[in-house]
Amino acid sequence: MTNSLFAASAADLTIERIRALAARPDQVESLTLEFKREYSKSLVTTIAAMANTYGGTILVGINDKTEPGVERVVGVDAQETIDKIASTCSEKLDPPWEPTFFPVPFGDTSGRSVVVIRVDPNVAPRPLLIDLKAPIRLSRQNSTADRDRLLKLAREEPSAGVLPMGQNVMARG
């Protein structure tokens with residue numbers, strides 16, 4: 001079994017693994033990991049930014065900050081969330097593109113899930129633009145590519161210069 005949610009098979013994406021990841025006090029957002037409580041239009045900017053840099057994983061249904069007494073894994077309606085994201089990707093991204101979605105159900109009667117979004121820069125058409133700008137990922141936030149970076153993205157072959165996705169974001173044990 002792999003240690004990364006990015007590389008894990010669909011069968012290995014379980015709510016237990018996601019809850020364990022969210023419960024880790026040292027687990028914060030990073031260059032390749034983002035938490036979103038729910039759908040927002042800015043989520044598609046993060047998808048484009050990850051596609052234009054090193055790729056990554058976005059978990060929708062998880063509070064991005066840990067607060068005492070506040071449940072971090074809140075879940076969402078998976079199909080509604082995926083539909084909204086796919087629709088916004090189609091409308092806002094140039095060229096239209098969508099990442100891979102994996103709904104991970106809570107396994108109870110709530111009907112809630114965490115939506116795992118994998119953004120693979122090796123399959124994304126780069127650069128991905130939003131409003132004629134190319135978002136990129138810097139540390140734990142999105143930024144905009146300058147002219148030189150945009151030209152580099154346009155000339156880049158798939159997988160050229162892409163960092164391996166071996167970041168250990170979900171170790172068992």
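Leu 138 has Gln 141 of strand β8 as its bridge partner, and that pair is a friendly place to begin exploring this predicted model. The two strands of this hairpin are β7, residues 135-138, and β8, residues 141-144. Zooming out, the protein contains four helices and eight strands, and 47% of its 173 residues count as buried.

**The β7-β8 hairpin**

- Strands β7 and β8 run antiparallel, and four bridges join them.
- Two residues lie between the strands of this hairpin, and Ser 139 takes a positive phi near 55 degrees there.

**The overall layout**

- If you walk along the sequence, you meet helices and strands in the pattern α-β-α-β-α-β-β-β-β-β-β-α.
- Among contacts with a separation of 6 or more, 67% are between residues 24 or more positions apart.

**The four-stranded sheet**

- One open sheet has four strands in the order β1-β2-β5-β4, and its pairing is mixed.
- At the edges are β1 (33-36) and β4 (100-105), each of which pairs on one side only.
- From one strand to the next, the twist averages 20 degrees.
- Strand β1 runs parallel to strand β2, which covers residues 56-60, and four bridges join the two.
- Look for Phe 35, which stands opposite Leu 59 in β2.
- As a handy rule for viewing any sheet, the side chains of a regular strand alternate between the two faces.

**Helices α2 and α3**

- A useful way to describe two packed helices is to give the angle between their axes and the distance between the axes.
- Helix α2 (residues 42-51) packs against helix α3 (residues 78-92) at an angle of about 65 degrees, and their axes are 10 Å apart.
- Angles of 65 to 115 degrees count as roughly perpendicular, and α2 and α3 are therefore described as roughly perpendicular to each other.
- The crossing of α2 past α3 is right-handed.
- On the α2 side, the contact is made by Leu 43, Val 44 and Ile 47, while α3 contributes Ile 85, Thr 88, Cys 89 and Lys 92.
- Sorted by type, the residues of this contact are five nonpolar, one polar and one charged.
- For spotting such patterns, remember that an α-helix has 3.6 residues a turn, so residues three or four places apart point the same way.

**How enclosed is α2?**

- Helix α2 is largely enclosed by the rest of the structure, because eight of its 10 residues are buried.
- The buried residues of α2 include Leu 43, Val 44 and Ile 47, which also take part in the contact with α3.
- Thr 46, Ala 48, Ala 49, Met 50 and Ala 51 of α2 are buried too.

Technical notes:
Residues are numbered from 1 along each chain as its sequence is written. This is a predicted model: local features need pLDDT of at least 70, side-chain atom pairs count only at pLDDT 80 or more; totals for chains, interfaces and linings use all residues. Side-chain values use heavy atoms; hydrogens and water are left out. Two strands pair if DSSP finds at least two bridges between them. Axes are lines fitted to C-alpha atoms, for helices over the stretch in contact, and angles run from 0 to 180 degrees between N-to-C directions. Angles under 35 degrees count as roughly parallel, over 145 as roughly antiparallel, 65 to 115 as roughly perpendicular and the rest as oblique. A crossing is left-handed if the near helix is turned anticlockwise from the far one by less than a right angle, and right-handed if clockwise. Contact means heavy atoms within 4.5 Å. Ala, Val, Leu, Ile, Met, Phe, Trp, Tyr, Cys and Pro count as nonpolar, Asp, Glu, Lys and Arg as charged, and the others, Gly among them, as polar. Buried means under 20% relative accessible area, exposed over 50%, partly exposed in between (1.4 Å probe, protein chains only).
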